[in-house]
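These are my notebook entries from a session spent looking things up in one structure. I kept them short and went from one chain to the other.

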Amino acid sequence: MHPPDSEKPGLSRRGFLKGTGLSVAAVGLVKSATAAQEAPAAEVPTLSAAQTHEISFELNGQTTQAKVRTGHTLLETLRDQLDLTGTKLVCDQGSCGACTVHLDGKPVNSCLVFATDVAGRQITTIEGLAKNGNLHPVQAGFLHEDASQCGFCTPGMIMSCKALLDRNPSPTRDECKEAISGNICRCGTYFNIFRAVDHAATLMKGGR
Amino acid sequence: MSEKPTPKGAMIGTSFRRVDAVAKVTGRTRFADDLNLPRQVHMKLVRSPHPYARIRSIDLAAAKALPGVVGFLTGKDVPEPFGILPVSQDEHALCQDVVRFVGDPVVAVAALTEDQAEEAARLVKVDYEPLETVGSIEEGLLPTSAPLHGHADEGNIHKKITMQFGDVEAGLREADLVLEDVMFYEGNTHLPMEQHASLAVPEGDGRIGIWSSTQTPHYLHRALTKVLGLPASRIRVVAQPNGGGFGGKSDPFHHEICAAKMALNLRRPVKICLTREEVFFCHRGRHPTLMHLRTGFKKDGTITAQHLKTMLDGGGYGSYGVASTYYTGALQCVTYDVPRYRFDGARIFTNKPPCGPKRGHGTPQPRFALEVQLDKAAVALGIDPAELRLKQVQPAGAITANWLKVGSIGLKECIDRVVAGSAWKERRGRLPFGHGLGIACGAYLCGAGLPIYWNHLPHSGVQIKLDRSGGVAVFCGETEIGQGSDSILAACVAEILGIALEDIRLCVADTDLTPVDLGSYSSRVTLMMGNAAIQAAERARDLIAKAVAEEMKLPTTRLVFADRRVFDAENPGVGKSFAEAVQVAEARFGTLGTTGSYTPPRSPGKYRGAGVGPSPAYSYSAAVIEVKVDPETGIVEVPTVWIAHDIGRSLNPTLVVGQVEGSVYMGLGEALMEESAFRRLPKSRSRALVHKFPSMLEYKSPTFVDMPKVVTYLVEDPDPNGPFGAKEVGQGPLLPIMPALCNAIYDAVGVRVDQVPVQPHMILKALEDKRRGGVGRFGPKSFPKLDYGTPLMVPTPKEGGDGRAVNAEEIGIKGGTMTDRPAARTSP
């Protein structure tokens with residue numbers, strides 16, 4: 001449970017991502033706040049406009065172009081560049097599920113996906129679920145069962161639940177637990193979410 | 001007042017849908033980090049890598065040279081101290097000359113993009129002179145430990161409290177059994193899903209606004225006024241819906257003040273969203289607390305007297321700490337009749353992130369000690385632990401030994417419900433080895449009876465504006481943090497006016513536009529805001545009723561407000577639509593608006609310290625937890641939790657059950673895995689004290705897979721002080737979980753773990769201890785020695801006291817207490 005008692009300067013994931021792909025050696029070694037020595041300034045890279053890439057992908061059914069910076073995540077691109085703020089930044093390390101979106105129909109943590117890697121692929125976010133003003137059955141299930149309290153985990157949670165129902169239209173409670181165990185809800189709305197999934201499953205089969 | 005129209009409610013008591021539900025399931029709720037404005041710049045804070053150090057110098061040159069960097073702040077730009085409590089104004093938006101924990105902010109940097117700000121922050125060079133750190137309660141008590149602050153009661157003892165209600169030693173002498181325990185409750189953190197974020201916006205006229213994820217916009221408003229040196233009327237604070245708070249967003253924070261200052265300097269909007277690591281540094285979580293509890297029992301299990309000593313590891317700053325320390329002693333007598341009581345509490349400064357209020361604020365720790373000790377007493381006396389509790393539940397309306405007035409109390413029924421639900425009588429003590437049941441209870445405030453700043457102003461205000469369309473605008477300073485306060489506000493108004501939730505537009509948590517509500521803390525919102533909303537709505541209804549009754553030539557008592565209509569009770573077909581009724585009233589009285597406000601009743605306690613603990617009402621909970629303990633591995637599995645909560649009245653059962661289940665969830669995390677632990681780096685690295693788990697991966701919290709079955713019972717016993725009889729539910733149901741779990745472990749394997757979180761090795765060690773002929777216990781062995789001083793002596797109500805101390809002057813206590821101040825003059 002305890003992390004190794006390392007004396008090496010910490011490696012920040014965010015800093016590492018930013019540094020990846022740059023030509024300067026050792027650029028990923030960024031000091032975390034717990035390290036006691038200063039990183040030499042010369043090792044810290046600066047980014048320039050040349051390090052952007054124009055990509056095209058399908059976002060919520062629409063062909064979308066974006067200029068993305070090297071090392072930027074899909075999450076940053078969605079939130080900061082494309083103004084799709086429904087997807088949430090929480091742990092920034094793939095351990096909470098709040099940033100879940102679908103990449104080619106499969107749930108992924110968008111904080112762990114490089115934006116450049118989605119070129120030519122399909123992305124669905126929470127904003128893309130409702131069609132023609134009608135909520136997606138999973139959203140309707142969450143609404144019906146009051147499965148949100150603060151609502152911050154909700155978009156990612158809904159995307160994980162939708163992925164579950166897409167591949168398994170009649171999940172058991174245990175399958176449901178397993179499928180969304182990577183999504184944390186600190187309000188503890190878990191039971192309502194189970195019921196929301198059941199409700200959504202019924203709706204998706206044409207029931208009411 | 002006698003001519004009130006008949007209310008015919010349709011909303012209250014039903015599971016109406018949350019008003020914010022659709023926005024939440026579509027991702028359209030605007031949290032603070034979702035806001036962006038043209039010309040905004042991004043801010044980052046440079047935080048200390050040292051737990052305790054003097055700042056020798058700050059070199060901004062390299063950072064300034066980066067492209068895109070537009071501004072800096074250092075300590076000299078924000079020299080005015082602040083803090084949530086008037087008695088502990090010991091924080092600075094940026095450290096002045098000393099840093100006191102890893103993560104203490106030193107420099108703020110603004111740049112055109114977040115990446116640029118981050119890089120600039122990395123290039124800021126701060127030269128530190130590390131100082132000898134204080135890492136624990138024990139180290140803080142050493143006479144050689146250098147004080148972190150100048151305002152502590154003594155050395156690094158931030159606050160020392162001692163008070164006695166009745167002759168405790170005599171009570172202990174009368175006892176047939178005296179139990180003495182030392183217990184420990186590890187610190188843990190709120191871990192809200194949303195990181196704190198703020199957007200500060202300078203207005204053209206020199207005013208400044210800040211949109212922030214805060215539970216307490218009113219207190220942030222006060223802190224900004226003080227640090228920025230601007231009149232309050234030139235500062236606007238808006239709390240966006242919080243993505244979870246749990247107490248972690250109740251303090252005014254450095255980043256909020258820096259963002260506002262930076263925005264004023266740059267005349268551009270300034271945005272900051274903390275990283276997850278920074279959220280761990282902001283902390284204000286549960287105080288790690290050592291407790292010494294000595295209680296006397298008669299043979300029948302009744303308590304004769306109790307002496308509680310607590311020691312809190314406060315971290316580097318005051319925060320809510322003085323209140324937290326009082327709270328470790330305040331609610332010890334509101335569940336069971338403790339006739340004589342002594343409380344000694346102390347909070348110690350250490351070089352860690354400051355602790356503060358987390359769900360239950362200061363009360364889960366002593367509640368844990370009390371409820372585990374009651375279990376031990378029941379075993380020692382051969383009494384069923386549920387029976388032992390039932391026979392000494394406080395009666396409704398009681399005044400406790402420490403002068404708290406109990407209102408309604410549904411605790412007996414709570415115990416009965418969980419006992420029946422869990423088949424306690426048939427199963428407890430009779431399950432196979434490794435399988436057990438444990439019971440515990442708890443109580444919590446429905447709002448602190450006193451405001452943080454002593455004054456006689458209302459704690460909550462609501463304004464209503466009636467529109468000719470039939471739409472109703474409701475203004476209130478309350479803050480939605482996920483608990484459903486927006487929905488309760490709308491429902492209280494809709495209930496009284498007989499309209500639908502869709503007819504109501506809310507404007508909340510905006511210091512420019514809404515009347516003050518003190519904030520979403522101390523489980524105060526439903527009770528206080530609810531009462532204010534009811535008053536405002538009743539005044540609006542009475543205005544409409546008067547005008548409509550005149551026109552319809554009916555007495556107002558015959559009018560009913562329901563189904564968006566105002567009609568004759570005796571002839572329901574005759575009436576007006578709500579919109580028409582509003583128009584009649586507007587024609588009669590002019591533009592229609594009303595206000596309502598709420599101020600809690602005065603507390604009977606008049607001694608110094610009596611201000612912490614009073615509340616208009618107390619909620620009660622009881623829980624039975626079933627555990628399966630593997631004696632080979634020490635791993636604890638929880639199949640089922642039965643919990644009953646005395647809610648007074650459920651305004652919305654779905655929301656109430658959600659809060660109960662959420663409390664069970666968070667309580668199980670505290671009981672089994674969550675801990676804010678620190679470690680020392682080796683000597684070559686200055687023995688620095690660093691956070692073990694500043695990430696969501698390593699700070700273990702329960703997931704779907706860990707959640708047991710939870711059976712919830714709501715006990716309804718309307719409280720006269722509650723809106724429609726309602727009491728709180730956001731915090732109370734957490735309290736019984738930790739002790740019930742430890743009591744269940746004892747039932748399962750016959751050993752005691754006197755600390756939380758319970759980890760497998762603790763159970764194995766206790767089992768080993770038992771095999772070797774020991775008592776079979778894991779927990780702290782000793783309580784540090786500390787002279788708490790001469791206690792403030794307050795005779796109890798049963799001893800004929802008047803709520804005042806008899807020796808205040810003798811022991812040098814000057815100044816009174818808010819509860820002893822003359823009542824405010826109220827207009828008729």
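Entry 1, chain A. I started with contacts in chain A between residues at least 6 apart in sequence, and found that 57% of them join residues at least 24 apart. I note here that the model is predicted. For the secondary structure of chain A I looked up 6 helices and 5 strands, and reading along the sequence I wrote down the pattern α-β-β-α-β-β-β-α-α-α-α. Chain A has 208 residues, and buried residues make up 50% of them.

Entry 2, the contact of chain A with chain B. I asked how many residues each chain brings to the contact. I found 51 residues from chain A and 58 residues from chain B. On the chain A side, helix H3 (137-144), helix H4 (154-167) and helix H6 (190-204) each supply at least two residues. I then sorted the side of chain A that touches chain B by class, which gave 27 nonpolar, 16 polar and 8 charged residues.

Entry 3, domains of chain B. The division I worked with has domain 1 (32-131 + 195-241 + 249-282), domain 2 (161-188 + 285-450 + 608-778) and domain 3 (457-598). I took the centres of domain 1 and domain 3 of chain B over C-alpha atoms and found 39 Å between them. These two domains are in contact, with 12 residues taken from domain 1 of chain B and 13 residues from domain 3 of chain B. On the domain 1 side, helix H6 (217-228) and strand E12 (235-239) of chain B each supply at least two residues, and the residues of that side divide into 6 nonpolar, 5 polar and 1 charged.

Entry 4, helix H7 of chain B. I checked the length of H7(B) (residues 254-266) against expectation: at 1.5 Å a residue its 13 residues should span 18 Å, and I noted that the end C-alpha atoms are 18 Å apart, which agrees. Is H7(B) mostly covered or mostly uncovered? I found H7(B) mostly covered, with 10 of its 13 residues buried; among them are His254(B), His255(B), Cys258(B), Lys261(B) and Met262(B). Just after H7(B), I noted that Arg267(B) takes a positive phi of about 55°.

Entry 5, a pair of helices in chain B. I looked at helix H15 (residues 525-552) and helix H16 (residues 578-589) of chain B, whose axes come within 8 Å and cross at roughly 90°. An angle of 65 to 115 degrees counts as roughly perpendicular, and I therefore recorded H15(B) and H16(B) as roughly perpendicular to each other. From H15(B), Leu543(B), Ile544(B), Ala547(B), Val548(B) and Glu551(B) meet residues of H16(B) including Ala581(B), Val584(B), Arg588(B) and Phe589(B). The residues of this contact of H15(B) with H16(B) divide into 9 nonpolar, no polar and 2 charged.

Entry 6, Met311(B). I placed Met311(B) in strand E15 (residues 303-315) of chain B. Why does Met311(B) count as buried? I found 27 C-beta neighbours inside 10 Å of Met311(B), and 20 or more are enough for a residue to be buried. Leaving aside neighbours within four places in sequence, I listed the contacts of Met311(B) as Ile137(B), Thr289(B), Leu290(B), Ala346(B), Ile348(B) and Pro784(B). Last, I looked up Met291(B), 20 residues from Met311(B) along the chain, and noted that their C-alpha atoms are separated by 6.4 Å.

Terms used:
Residues are numbered from 1 along each chain as its sequence is written. Chains are lettered from A and ligands numbered from 1 in the order in which they are written. This is a predicted model: local features need pLDDT of at least 70, side-chain atom pairs count only at pLDDT 80 or more; totals for chains, interfaces and linings use all residues. The expected span of a helix is 1.5 Å times one less than its number of residues. A residue is buried if 20 or more other C-beta atoms lie within 10 Å of its own, exposed if 12 or fewer, and partly exposed in between; C-beta atoms are placed from the backbone. Two residues are in contact if their C-beta atoms, placed from the backbone, lie within 7 Å. Axes are lines fitted to C-alpha atoms, for helices over the stretch in contact, and angles run from 0 to 180 degrees between N-to-C directions. Angles under 35 degrees count as roughly parallel, over 145 as roughly antiparallel, 65 to 115 as roughly perpendicular and the rest as oblique. Ala, Val, Leu, Ile, Met, Phe, Trp, Tyr, Cys and Pro count as nonpolar, Asp, Glu, Lys and Arg as charged, and the others, Gly among them, as polar. Domain bounds come from an automatic or database domain assignment.
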